[in-house]
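This report is a short introduction to one structure for a reader who has not met it before. Please look over the sequence and the model before reading on.

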Amino acid sequence: MKRSLLPMLLQHEAMNYIVPYCSVSSTRHQLFEAYYRRFGSDFHASALELLRARQQLAKQLGFRCWADYELRPLSEVAQDSHAASKLFEDCWRHLEPAVASAVQKMKGKAGVLQQPDEAYYWTLHGRAVEALKLAEYLPAEQALERLVDVLGRACNITFRALPARSWWQTGWHSGVRCFEVLDGPPLGIAAGGGRCLGYVYVELYGTWRGTRPLAPGALLLAPGHVYLGLHLQAPSMGMTKLLTPEDATMMAHELGHAVHMLCFSGSAQEFQDLPLDLLELPSTFAEVLATKPEVVGEYARHHQSGDGPPNSLLQVAQANPNFFAQKLQSWNVSLGLHSDFDAFAATPSELQDRAVSLWQRYSKVAASGSFSPLGEDAGGCLALGANQVAYLLCYLRTATLLRGKSAQGKSALKRWLSPDAAGKLRAQLLDQRFNSERLATLLPTLQEEGMSQLPHPLPPLPSESKPGLFQNLR
């Protein structure tokens, strides 16, 4: 491959797939330089325009910065940029030892660990080969059926697969899987006997639109009707689609959104007005639940033999320290550029320098000279806004929910999927019609006229949530 062709051929997805398995250091560096060379002055100038528009709008709404505006509806531990930054610091304090230990081991293999080599060595450290082996136990169609069963048990609902019908009957093409969602657990004599909560339409495989596939997502089409676009790459004719562990947890995440949308007792507008750390909690709970070794054993079956995976593979779906380190890096870039960074006084090169500095705060490997965080996930976070700390809050709350005490002799799996735990999840979260009036939380001028800020609908985070999230990372 000629070096001059690399910039045209490389996309971010290609970098993520190629570099972790590229064993030749010189090739990794060539790919890295070719990719990040594309993010020059024009690219960062466009980012500056976005930041300036948001900064100006935040001032007009009465906020110090855009981050403070977006963070205001969240839990009190992260209701402004300073509080969110402190939360990042607190979490990094618990996460850093695991990251530093892993990086030290990588340096023992690499000598000097440079940024273009980091993804490759994290792949070696993170047992990526075992993750590929686990994919043999995750055929897409069957994994979907087993995942909805597990999630149904965790939420006291039943997913009932509907028989395939033609486009003329349903309006959906043949690749869309349709499920009726019934109130009540999928086990026992009365399984599936409850009232109908609605329908979920799952499109497993994406179609190419332009040059990039759409990101996965859940969409409430109408009350009782949820569309899930997973946009996985379709298998070749006659082949079986196998999921990576990341694909399976993404599927669980989006199914969590669907369950929340169908169980929520308020209107669609009230649902959309909920704070982000509440909207994302059921989906994050489903995502993390799907990574637990005990739960992986419930939905993973070999695509040929139907056997369950060996115990040595059940652990590989769980997040490693790099997963959260990368999240902190990207979230911190978006938060920092939307808070204390003066976009009107900055140049494109100063924007890049500031972004690298924010990224470097949570990296144990020095940034390469050509690197721009906005060329990777941090760029997507920046485009979306400054409130990604909401996802960290969800991971912290989920760790607390899953770490609860088990009755003597009762396994964690039985506790997580018991009707009692599922009933509490339904009553305290999924079925709740939380107060979603956001005017009082978003407009300080109204508060000056006597409107007090509404309390956040979720209880405060317990003090042990931060160490609890990071103590068992593989």
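The sections below describe helix contacts, a cavity and a pocket in a predicted model.

## Helix 9 and helix 11

Helix 9 covers residues 140–155 and helix 11 covers residues 245–263. Their axes are 10 Å apart, and the packing angle is about 45°. Helix 9 is therefore oblique to helix 11. The crossing of this pair is right-handed.

On the helix 9 side, the contact is made by Leu-144, Leu-147, Val-148, Leu-151 and Cys-155. Helix 11 contributes Ala-248, Met-251, Ala-252, Leu-255, Gly-256 and Val-259. Of these residues, 10 are nonpolar and 1 is polar, while no charged residues take part.

## The second largest cavity

The structure holds 4 cavities of 30 Å³ or more. The second largest cavity has a volume of about 60 Å³. Its lining consists of Leu-147, Val-150, Leu-151, Ala-252, Ala-286, Leu-289, Ala-290 and Val-295. Leu-147 and Leu-151 of helix 9 and Ala-252 of helix 11 also belong to the contact between those two helices.

Two elements, helix 9 and helix 14, each give two or more residues to the lining of this cavity. Helix 9 has the largest share, with 3 residues. By class, the lining has 8 nonpolar residues, with no polar and no charged ones.

## Helix 14 and helix 19

Helix 14, which helps to line the cavity, also packs against helix 19. The angle between helix 14 and helix 19 is about 60°, and their axes are 9 Å apart. This angle makes helix 14 oblique to helix 19. The two helices cross in a right-handed sense.

Helix 14 brings Leu-281, Thr-284, Phe-285, Glu-287, Val-288 and Leu-289 to the contact. These meet Cys-394, Tyr-395, Arg-397, Thr-398, Leu-401 and Leu-402 of helix 19. The contact is made up of 8 nonpolar, 2 polar and 2 charged residues. Leu-289 of helix 14 is in this contact and is also listed in the lining of the second largest cavity.

## The second largest pocket

The second largest pocket has a volume of about 640 Å³. It is lined by 23 residues, and the closest to its centre are Thr-400, Leu-401, Lys-424, Leu-425 and Gln-428. Leu-401 is also one of the helix 19 residues that meet helix 14.

Four elements give two or more residues to this lining: helix 14 (281–289), helix 19 (389–402), helix 20 (412–416) and helix 21 (419–430). Helix 21 provides the largest share, 7 residues. The lining of the pocket divides into 14 nonpolar, 3 polar and 6 charged residues. For the second largest cavity, by contrast, the lining has no polar and no charged residues.

## Helix 16 and helix 17

A further helix pair is formed by helix 16, residues 321–337, and helix 17, residues 348–360. The two pack at an angle of about 135°, and 8 Å separates their axes. Helix 16 is therefore oblique to helix 17. Their crossing is right-handed.

The contact involves Gln-329, Asn-332, Val-333, Gly-336 and Leu-337 from helix 16. From helix 17 come Leu-351, Arg-354, Ala-355, Leu-358 and Trp-359. By class, this contact has 6 nonpolar, 3 polar and 1 charged residue.

Note on methods
Residues numbered from 1 in each chain as written. Predicted model: local features only at pLDDT ≥ 70, side-chain atom pairs only at ≥ 80, totals over all residues. Heavy atoms only, no water. Axes fitted to C-alpha atoms, helices over the stretch in contact; angles between N-to-C directions. Parallel < 35°, antiparallel > 145°, perpendicular 65-115°, else oblique. Left-handed = near helix turned anticlockwise from the far one by under 90°. Contact = heavy atoms within 4.5 Å. Nonpolar A, V, L, I, M, F, W, Y, C, P; charged D, E, K, R; others polar. 1 Å grid on protein atoms, 1.4 Å probe; cavity = no way out; pocket = protein on both sides within 12 Å on 5 of 7 lines; lining within 4 Å. Points joined across faces, edges and corners; volume = space filled by probe spheres on them.
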